[in-house]
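Work through the following exercises with the sequence and the model at hand. Each task is followed by a solution in steps.

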Amino acid sequence: MRARQLITPLTIGLGALSFGIVLAVFRVIDGDLWARLAVGKLGAIPRHDAWAFTPVLPDWIDHEWGAGFVFYALYHLFGESGLMLFKIAAALGAVALCLATARRAGVEWPALLALALPCAFAILPGFIPVVRSHAFTFLFFALTLWCWPKHRWVIPLILMVWVNVHGGFVVGLILVAVLAWRQPVILLASLAATLVNPYGLRYWTYLIPAILHPRTDIAEWGPMPLTLTSPYAGYWLLLVVVVIFGWKTWRNPPGLILLVLTAIAAALHRRHVPFFGLTALVFVGPCLPRIRQEFVLGLYGAVAAAVLMWLWPKASLTPTAPASFYPVGAVDYLEHTGATGNLAVPFRWGSYASWRLFPRLKVSIDGRYETVYPDSTFAMNHDFFYRQGKEWDRLLKQYRVDYIILDLKTTHLTPADLSERGYRLVWSDATAALWTTTSTPRPGS
């Protein structure tokens, strides 16, 4: 009897170990993190942009300022490993909260832990990068589910924190609206809590256009890929499980509504798939048949064995910025030579350059996109690096550009294009090439 009582804790331990190792394998730092660290380093809530030399919006409403402070504090206190540990803790915490929520509803552990495998697979893409502000949203989404209904009056306090770390708090409001449709006071209190931010009501005047802003050039905002070989394959696996077993959720209208909404949201925009995984873990569990706990333990043991055999050697708590993904060498050159001035850089590399080179160099654009830049600035930068239109070089004509970093894998510019406009090559590798104006003195001369 005592041995049987240890089966569930052992299964949970194997699952946490396996998921933690998988998360530790994905160590490439996401471009958005550089911008968050740069904000945190300022030590003050930003009101205006300080990193760009191109036109920016008159006011900067930073919907992730709190995340920047947290990330920089973790980096400052614990180094780069602190960021990895936070990512892993946020992912495991979100799953644990949903498990606890379903368990409180009476779902037996074997069925719940069996369901956790496809759910974790679906949640994984949200925690692959190191680390993004979205991690707060997924964690607070799970926490809100856990608080309903026993601790529902805590939810406005959650929204008060949520609104200051990530704009995904809107999902929290939708969640509350579905759960508390008979208790509008909770929704009104949660909505009022979102006004507790450094910008007040002006936050919403920024947020609504930002939500509606098209992002056709950003892959994660694209529809769910119809393939089982992508990182999003967990969505399709979980969708099959939900269709087979989740039909019984009609007895729980809020659960059914949330399942449908999150499944559709993920299908339209792949970045939303973790919401589907967390929601399914809470609401599909009661629909599952009884499962023997020994079978689930064996399943988790097999998963853990495979993870330890193939993924453990690749796991680490040290995040990385590989030279094949970022212009590490070009930025090293600019940093070591003490270069100053203005730097034209592709969209996905701007935040990395700002983190390492500000304030000596300002960039043409970075990953903050519509929160800081008007569409005209984004178009001007895009047209330059992809050589589109008759006025593709207006970035060079309208602004002083001292340095240019080219992404050699995507750029349509040629050496002749830049040489004709007074630039010379000073550094290159397989990833990036650094050009500077012929009027700029060579470093050290």
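Two strands pair if DSSP finds at least two bridges between them; helices (H or I, at least four residues) and strands (E, at least two) are DSSP runs, numbered from the N terminus. The model is predicted: local features need pLDDT of at least 70, side-chain atom pairs count only at pLDDT 80 or more, and totals for chains, interfaces and linings use all residues. Residues are numbered from 1 along each chain as its sequence is written, and side-chain values use heavy atoms, with hydrogens and water left out.

**Exercise 1. The sheet**

Determine the strand order of the open sheet and identify the strands at its edges.

Solution.
- Step 1. β4 and β5 are antiparallel and share five bridges, one pair of opposite residues being Ser428 and Ala433. Three residues form the hairpin connection from β4 to β5.
- Step 2. β3 and β5 are likewise antiparallel, with five bridges; here Tyr403 lies opposite Thr436 of β5.
- Step 3. β1 (residues 341-344) and β3 (residues 403-407) run parallel and are joined by two bridges. Ala344 has Ile404 of β3 as its bridge partner.
- Step 4. The order of the five strands is therefore β2-β1-β3-β5-β4, with mixed pairing. Because β2 (361-363) and β4 (423-428) each have a single partner strand, one side of each is left without a neighbour in the sheet. From one strand to the next, the twist averages 25 degrees.
- Step 5. Helix α17 (residues 350-357) packs on the sheet and touches β1 and β2, its direction making about 165 degrees with that of β2. Axes are lines fitted to C-alpha atoms, for helices over the stretch in contact, and angles run from 0 to 180 degrees between N-to-C directions.

**Exercise 2. The faces of β5**

Which residues point each way from β5, and are they buried or exposed?

Solution.
- Step 1. Buried means under 20% relative accessible area and exposed over 50%, with partly exposed in between (1.4 Å probe, protein chains only).
- Step 2. Ala432, Leu434 and Thr436 point one way, while Ala433, Trp435 and Thr437 point the other way; all are buried.
- Step 3. Strand β5 (residues 432-437) is thus mostly covered, with six of its six residues buried.

**Exercise 3. Helix α7 and His134**

Check the span of helix α7 (residues 134-147) and describe its surroundings.

Solution.
- Step 1. The expected span of a helix is 1.5 Å times one less than its number of residues. For the 14 residues of α7 this should give 20 Å, and the end C-alpha atoms are 20 Å apart, which agrees.
- Step 2. Eleven of the 14 residues of α7 are buried, including Phe136, Phe138, Phe140 and Phe141. The buried residues pack against α3 (31-42), α4 (65-78), α5 (80-104), α8 (155-162), α9 (169-179) and α14 (273-283).
- Step 3. His134 belongs to α7 and counts as buried because its relative accessibility is 10%. Leaving aside neighbours within four places in sequence, His134 is in contact (heavy atoms within 4.5 Å) with Asp32, His166 and Arg271.

**Exercise 4. Helix α3**

How many of the twelve residues of α3 are buried, and against which helices do they pack?

Solution.
- Step 1. Nine of the twelve are buried, so α3 is largely enclosed by the rest of the structure. Among them are Trp34, Arg36 and Val39.
- Step 2. The buried residues of α3 pack against α4, α5 and α17.
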